[in-house]
Amino acid sequence: MTAYENLPPVEFAFPGPLRDQLVEAVLSGAKTTTTAVLADYEACGDPLPVVGELMAVLDSAGRPVGVLEVTDVRVLRLADVGLRHALDEGEGFASVAEWRSAREGFWHGPQMREVIGDPQFTVDDDTPVVAERFRLVTRLPVPAP
């Protein structure tokens with residue numbers, strides 16, 4: 001057993017192409033922030049990340065591929081997410097509006113609505129979001145499938 005096997009997992013998006021893209025951005029160092037709707041944490045009964053906490057990044061196959069350290073966590077209104085945070089999501093966004101459009105598409109998708117338990121779930125300026133900043137501590141070797 002290795003030390004990272006006892007770490008809480010962090011999963012970006014849902015398994016598939018988007019998660020693969022996000023995990024690669026984390027592992028390359030391009031992605032150092034992420035944003036989730038608070039309703040996701042509440043629906044799943046998950047605690048918010050804690051500054052200093054180490055987490056194991058899981059790929060689409062559920063394998064740990066890296067270890068992150070949480071460096072900042074803020075709950076704020078969606079309208080208050082700034083440009084630096086949006087840019088640091090590492091997905092090539094050039095503006096907060098571009099970032100928000102992509103996030104709304106994800107949050108309004110059927111998988112997220114199912115997780116939240118509300119088929120009509122939508123966000124607006126006042127929706128509470130969890131803005132998290134992290135750093136990659138280490139990349140983990142991925143065993144061959």
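Which side chain meets that of Glu89 in a salt bridge? The partner is Lys31, with an N to O distance of 3.3 Å. The model is predicted, and the salt bridges in it come to 14. This briefing covers the salt bridges around Lys31, one further pair, the largest pocket and the acidic residue Asp40.

**Salt bridges of Lys31**

- Glu89 sits in the loop between helix H3 (83-88) and H4, while Lys31 sits in the loop between H1 and S2, so their salt bridge ties together parts that are 58 residues apart in sequence.
- Both Glu89 and Lys31 are buried.
- Lys31 has a relative accessible area of 2%, and it counts as buried because that value is under 20%.
- Lys31 also forms a salt bridge with the side chain of Glu91, at 3.6 Å from N to O.
- This second pair links distant parts of the chain, with Glu91 in the loop between H3 and H4 and Lys31 in the loop between H1 and S2, 60 residues apart.
- A network of salt bridges links Lys31, Glu89, Glu91 and Arg103.

**The Arg63 and Asp59 pair**

- The side chains of Arg63 and Asp59 form a salt bridge of 2.8 Å, N to O.
- Arg63 is partly exposed, at 26% relative accessibility.
- Asp59 is buried, at 8% relative accessibility.

**The largest pocket**

- The volume of the largest pocket is about 830 Å³.
- Its lining has 35 residues, and those nearest the centre are Val10, Glu11, Ala36, Asp40 and Tyr41.
- Two or more lining residues come from each of strand S1 (9-10), helix H1 (17-28), strand S2 (33-37), H2, helix H4 (96-107), helix H5 (110-116) and strand S5 (128-139).
- S2 gives the largest share of the lining, four residues.
- Sorted by class, the lining has 23 nonpolar, 10 charged and two polar residues.

**Asp40**

- Asp40 belongs to helix H2, which covers residues 38-44, and is among the residues nearest the centre of the largest pocket.
- Asp40 is buried but has no salt bridge.
- The nearest side chain of opposite charge to Asp40 is that of Arg19, 9.7 Å away; a salt bridge requires the charged atoms to be within 4 Å, so this pair does not count as one.
- Beyond its neighbours within four places in sequence, Asp40 is in contact with Met112, Val115 and Ile116.

Note on methods
Residues are numbered from 1 along each chain as its sequence is written. This is a predicted model: local features need pLDDT of at least 70, side-chain atom pairs count only at pLDDT 80 or more; totals for chains, interfaces and linings use all residues. Side-chain values use heavy atoms; hydrogens and water are left out. Buried means under 20% relative accessible area, exposed over 50%, partly exposed in between (1.4 Å probe, protein chains only). Lys and Arg count as positive and Asp and Glu as negative; His and the chain ends are not counted. Contact means heavy atoms within 4.5 Å. On a 1 Å grid over the protein atoms alone, a cavity is a set of points where a 1.4 Å probe fits but cannot get out, and a pocket is an open set with protein on both sides within 12 Å along at least five of seven lines; lining residues have an atom within 4 Å of a point. Grid points are joined across faces, edges and corners, and a volume is the space filled by probe spheres set on the points. Ala, Val, Leu, Ile, Met, Phe, Trp, Tyr, Cys and Pro count as nonpolar, Asp, Glu, Lys and Arg as charged, and the others, Gly among them, as polar.
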